[in-house]
Amino acid sequence: MREPFDRIVAHHGAVVLRVCRGVLGAGPDADDAWSETFLAALRAWPDLEEGTDVEAWLVRVAQRKAIDVIRARARNAVPIDEVPERESQYGLPGTGDADVWDAVADLPPRQRLAVGYHYLARLSHVETAEIIGGTPAAVRRAAADGIRSLRKTYGTTGTCSEKGGPR
């Protein structure tokens with residue numbers, strides 16, 4: 001006959017808390033991991049095989065819950081008082097290359113959209129067709145026509161490259 005779960009908590013709770021504090025340090029994270037350990041153990045309790053070393057099982061569950069807390073810490077942003085100012089590595093859109101952006105803006109609407117989504121946003125022709133409507137072949141043609149128009153203006157060695165679009 002299996003022991004009632006509340007007795008398991010009373011008997012092994014201190015060991016589980018020591019494991020959680022050992023991994024996470026004393027504090028609310030360790031307390032939360034302790035609680036999560038026993039919540040998970042309670043859910044699994046009815047299906048636990050007879051003869052299982054309960055303390056070892058609980059320690060293993062506690063270790064995994066503590067690791068979950070560590071992983072969650074790594075994903076959470078760290079609040080700071082003031083956000084540091086730094087320039088974007090991409091620069092400011094519309095500065096420095098105004099003539100290129102004006103040329104892109106002067107393209108017919110379908111060509112402008114096809115060039116923008118395919119070359120600048122790096123979407124496939126299929127994805128671009130889903131956004132602007134039409135077939136992937138029509139989008140491919142519109143993008144090619146738009147790039148051809150830009151090349152006429154800037155030449156093949158200018159500021160327009162087929163892979164990266166206007167820079």
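Biologist: In this predicted model, which residue forms a salt bridge with arginine 148?

Modeller: Arginine 148 lies in helix α7, three residues, or about one turn of the helix, from its partner, and arginine 148 itself counts as partly exposed because its relative accessibility is 41%. The closest N and O atoms of the pair are 2.8 Å apart, and the partner is aspartate 145.

Biologist: Which residues are linked with Asp145 in a network of salt bridges?

Modeller: The side chain of aspartate 145 also meets that of arginine 141 in a salt bridge, at 2.9 Å from N to O, and these two residues lie four apart in helix α7 (residues 136–154), again about one turn of the helix. Since arginine 148 forms a salt bridge with aspartate 145 as well, the residues linked with Asp145 in the network are Arg141 and Arg148.

Biologist: Is aspartate 145 buried or exposed?

Modeller: Arginine 141 is partly exposed, with a relative accessible area of 45%. The cut-off for a buried residue is under 20% relative accessible area, and because aspartate 145 has a value of 19%, aspartate 145 is buried.

Biologist: How many residues apart in sequence are the parts that aspartate 29 and arginine 73 tie together?

Modeller: Their side chains meet in a salt bridge of 2.8 Å, N to O, with aspartate 29 partly exposed at 28% relative accessibility and arginine 73 partly exposed at 39%. Aspartate 29 belongs to helix α2 and arginine 73 to helix α3, so the pair ties together parts whose separation in sequence is 44 residues.

Biologist: Which element gives the most residues to the largest nonpolar core?

Modeller: This core has 18 residues, and those touching the most other members are Val16, Cys20, Leu24, Trp45, Val54, Trp57 and Leu58. Two or more residues come from each of α1 (5–24), α2 (28–44) and α3, and the element that gives the most, with seven residues, is α3.

Biologist: Leaving aside neighbours within four places in sequence, with which residues is isoleucine 70 in contact?

Modeller: Isoleucine 70 is placed in helix α3 and is partly exposed, with a relative accessible area of 37%. Its C-alpha atom is separated by 8.9 Å from that of valine 23, although the two residues are 47 apart along the chain. With the sequence neighbours set aside, the contacts of isoleucine 70 are Val23 and Leu24.

Biologist: What is the area of the nonpolar surface patch made by Val78, Ile80 and Val83?

Modeller: Isoleucine 80 lies in the loop between α3 (54–75) and α4 (98–105), and isoleucine 80 counts as exposed because its relative accessibility is 54%. Together with Val78 and Val83, Ile80 makes a nonpolar surface patch of about 340 Å².

Note on methods: Residues are numbered from 1 along each chain as its sequence is written. This is a predicted model: local features need pLDDT of at least 70, side-chain atom pairs count only at pLDDT 80 or more; totals for chains, interfaces and linings use all residues. Side-chain values use heavy atoms; hydrogens and water are left out. Patches are made of residues with over 30% relative accessible area and no salt bridge: like charges are joined within 9 Å, nonpolar side chains (Val, Leu, Ile, Met, Phe, Trp, Tyr) within 5 Å. Accessible areas come from the Shrake-Rupley method with a 1.4 Å probe; for residues, only the protein chains shown count as cover. A salt bridge is a side-chain nitrogen of Lys or Arg within 4 Å of a carboxyl oxygen of Asp or Glu. Buried means under 20% relative accessible area, exposed over 50%, partly exposed in between (1.4 Å probe, protein chains only). A nonpolar core is a set of buried Ala, Val, Leu, Ile, Met, Phe, Trp, Tyr and Cys residues joined through side-chain atoms within 4.5 Å. Contact means heavy atoms within 4.5 Å.
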